[in-house]
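Me: I have this structure open and would like a close look at a single part of it. Please pick one helix and take me through its packing and its neighbours.

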Amino acid sequence: MSELDGRNGSNRAAGNHALITADNDLDALHAWLVCFVDTNTTFDNYRKEADRLLLWAHVELHKPVSPLTHEDLPA
């Protein structure tokens, strides 16, 4: 399922421009969630919503998260 892991997403930085050391969307989401590890409720809620976004993008759009644009999001 490497076509959905986001490693080649159009919104991912390439080469020396990357701000985090994430090779794919799941690693990027984990890097973001680490910021909230000290606040359990926030961490749990953000993780739940991040999981939902990842699942929705894969199942409904057949796309990884990293190339999503605002046009992909329902109103």
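Here is the part I mean: helix α2, residues 40–61.

Reply: This is a predicted model, in which local features need pLDDT of at least 70, side-chain atom pairs count only at pLDDT 80 or more, and totals for chains, interfaces and linings use all residues. Residues are numbered from 1 along each chain as its sequence is written, and side-chain values use heavy atoms, with hydrogens and water left out.

Start with the length. Helices here are DSSP runs (H or I, at least four residues), numbered from the N terminus. The expected span of a helix is 1.5 Å times one less than its number of residues. For the 22 residues of α2 that gives 32 Å; the end C-alpha atoms lie 30 Å apart, which agrees.

Next, the two faces. Buried means under 20% relative accessible area, exposed over 50%, and partly exposed in between (1.4 Å probe, protein chains only). Ala50, Leu54, Ala57 and His58 are the buried residues of α2. Down the helix axis they fall within an arc of 90 degrees, so they line one face. The arc is taken from the directions from the helix axis to the C-beta atoms. An α-helix has 3.6 residues a turn, so residues three or four places apart point the same way. Turned away from the buried side of α2 are the exposed residues Thr41, Leu55 and Glu60.

What does the buried face meet? The buried residues of α2 pack against α1 (25–33), where contact means heavy atoms within 4.5 Å. The packing is also found from the other side: the buried residues of α1 pack against α2. Those of α1 are Asp25, Leu29 and Leu33. They cover an arc of only 75 degrees, which puts them on the same side of α1.

Now the core. A nonpolar core is a set of buried Ala, Val, Leu, Ile, Met, Phe, Trp, Tyr and Cys residues joined through side-chain atoms within 4.5 Å. The largest one has six residues: Leu29, Ala50, Leu54, Ala57, Val65 and Leu68. Its largest share, three residues, comes from α2. Leaving out residues up to four places away in sequence, Ala57 touches His62, Lys63, Pro64, Val65 and Leu68. His62 sits just after α2 and takes a positive phi of about 55 degrees.

Then the rings. Rings of Phe, Tyr and Trp (its six-membered ring) pair if their centres lie within 6.5 Å; planes under 30 degrees apart count as stacked, over 60 as edge-to-face and the rest as tilted. The whole structure has three aromatic pairs. Trp32 and Tyr46 are stacked, at 5.3 Å centre to centre with 10 degrees between the planes. Trp32 lies in α1 and Tyr46 in α2, so this pair ties together parts 14 residues apart in sequence. Tyr46 is partly exposed, at 35% relative accessible area. Phe36 and Tyr46 form an edge-to-face pair, at 4.7 Å and 80 degrees. Phe36 is in the loop between α1 and α2, ten residues from Tyr46. Ring pairs link Trp32, Phe36 and Tyr46 into a cluster.

Last, Trp56, which is also in α2. At 26% relative accessibility, Trp56 counts as partly exposed. Beyond four places in sequence, Trp56 touches Leu61, Leu68, Asp72, Leu73 and Pro74.

Conventions: Helix = DSSP H or I, 4+ residues; strand = E, 2+ residues; numbered from the N terminus.
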